[in-house]
Amino acid sequence: KGPKARSAASIILRGANDFMVDEMERSMHDALCVVKRVLESKSLVPGGGCVEAALSIYLENLATSLSSREQLAIAEFARSLLVIPKQLAVNAAQDSTDLVAKLRAFHNTSQMKPEHKDLKWVGLDLVKGVVRDNKKAGVFEPAMSKIKSLKFATEAAITILRIDDMIKLFPEQKEKGASYQDALRAGTL
């Protein structure tokens, strides 16, 4: 009785039917896993597509400094990172092209001009359909989750490319039969 710190808590979920309660339970489980990840890693990154946009700009600038074929691969990888903020905007029924263009502009400015370093926290506000400072707004993600998702996506793409090199499908060969002309000449018709 009367401990200084509580070691357990209960959450009671009520809903109109079993399906609703099951969905609430899954959502609660996901939220608790996010809290667990944050406490384990002790590091956060801004959310709302901020990390993907900043990494995309950085990789595009890196790609332009190279003069080999690697430049094309790095540039395409940078472009593929923007799928995340685009899809976030589409899911929120916002203008994804406009929002991602503004997001990229802010991150490009933050990386090119040292006096605008504070723009590195800019991400998407999908409720209002604008870009904002997600650090001030309190929109964060666990760094560990972001790192793992980027690693898994990269590994999956590499695996697909390797498989693409190994599997070569040849067109089906049609059985060579006598053509109509050949059959006519042979008198088999």
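**Salt bridges, loops and a few contacts**

Ala93 has a relative accessible area of 67%, so Ala93 counts as exposed. Hello everyone, and please keep in mind throughout that this is a predicted model.

Let me stay with that alanine for a moment. Ala93 sits in the loop that joins helix H4 (83-91) to H5. What is the phi of Ala93 near? The phi of Ala93 is near 60°, which is a positive value in a residue other than glycine. As background, most residues other than glycine have a negative phi.

There is another residue to show you with a positive phi. Lys42 is not a glycine either, and yet its phi is positive, at about 60°. You will find Lys42 just after H1, in the loop between H1 and strand E1 (44-46). Is Lys42 buried or exposed? With a relative accessibility of 73%, Lys42 counts as exposed.

Now let's walk back into H1 itself. How many residues does H1 have? H1 has 24 residues, and the distance from its first C-alpha to its last is 34 Å, close to the 34 Å expected at 1.5 Å a residue. At the start of H1, please look at Asn17: one of its side-chain oxygens comes to within 3.2 Å of the backbone nitrogen of Phe19.

H1 also carries a charged pair. Glu40 and Lys36 form a salt bridge, and their closest N and O atoms are 3.9 Å apart. Why might these two find each other? Glu40 and Lys36 are 4 residues apart in helix H1 (residues 18-41), so about one helical turn separates them. In an α-helix there are 3.6 residues a turn, so residues three or four places apart point the same way. As for its surroundings, Glu40 is partly exposed, because its relative accessibility is 46% and the partly exposed range runs from 20% to 50%.

Before leaving this part of the chain, here is a piece of surface. Ile11, Leu13, Met28 and Leu32 make a nonpolar surface patch of about 330 Å². Of these residues, Ile11 belongs to the segment before H1.

Back to charges. How many salt bridges does the model have? The count comes to 8 salt bridges. In general, side chains of opposite charge can pair when their charged atoms come close.

One of these pairs lies in H5. The side chains of Asp98 and Lys102 meet in a salt bridge, with 3.3 Å from N to O. Asp98 and Lys102 are 4 residues apart in helix H5 (residues 96-112), so here too about one helical turn lies between the partners. Asp98 is partly exposed at 33% relative accessible area, and Lys102 is partly exposed at 40%.

Next comes a pair that reaches across the sequence. Lys146 and Glu52 meet through their side chains in a salt bridge of 2.5 Å, N to O. Lys146 is in helix H7 (residues 143-166) and Glu52 is in helix H2 (residues 50-64), so this pair ties together parts that are 94 residues apart in sequence. Are these two residues buried or exposed? Both Lys146 and Glu52 are buried. For Glu52, the relative accessible area is 4%, and buried means under 20%, so the label follows.

Lys146 and Glu52 also have company: Glu141 is linked with Glu52 and Lys146 in a network of salt bridges. Which residues does Glu52 touch, not counting residues up to four places away in sequence? Glu52 touches Leu81, Ile84, Pro85 and Lys146.

Let me finish with two more residues of H5. Ser96 has its place in helix H5 and counts as buried, with 16% relative accessibility. Setting aside residues up to four places away in sequence, Ser96 touches Lys86, Ala89 and Val90.

Thr109 is also found in helix H5, and Thr109 is partly exposed, with a relative accessible area of 24%. Leaving aside neighbours within four places in sequence, Thr109 is in contact with His116 and Leu119. How are Thr109 and Lys120 placed, given that they are 11 residues apart along the chain? Their C-alpha atoms are separated by 8.7 Å.

If you take one picture away, let it be the salt-bridge network of Glu52, Glu141 and Lys146. Thanks for listening!

Definitions and conventions
Residues numbered from 1 in each chain as written. Predicted model: local features only at pLDDT ≥ 70, side-chain atom pairs only at ≥ 80, totals over all residues. Heavy atoms only, no water. Salt bridge = Lys/Arg side-chain N within 4 Å of Asp/Glu carboxyl O. Helix = DSSP H or I, 4+ residues; strand = E, 2+ residues; numbered from the N terminus. Buried < 20%, exposed > 50% of the residue type's maximum accessible area, 1.4 Å probe, protein only. Expected span 1.5 Å × (residues − 1). Polar contact = N/O pair within 3.5 Å; in protein donor to acceptor, adjacent residues only side chain to side chain. Patch = residues over 30% accessible without salt bridge, like charges linked within 9 Å, V, L, I, M, F, W, Y side chains within 5 Å. Areas by Shrake-Rupley, 256 points an atom, 1.4 Å probe, with all protein chains shown as cover. Contact = heavy atoms within 4.5 Å.
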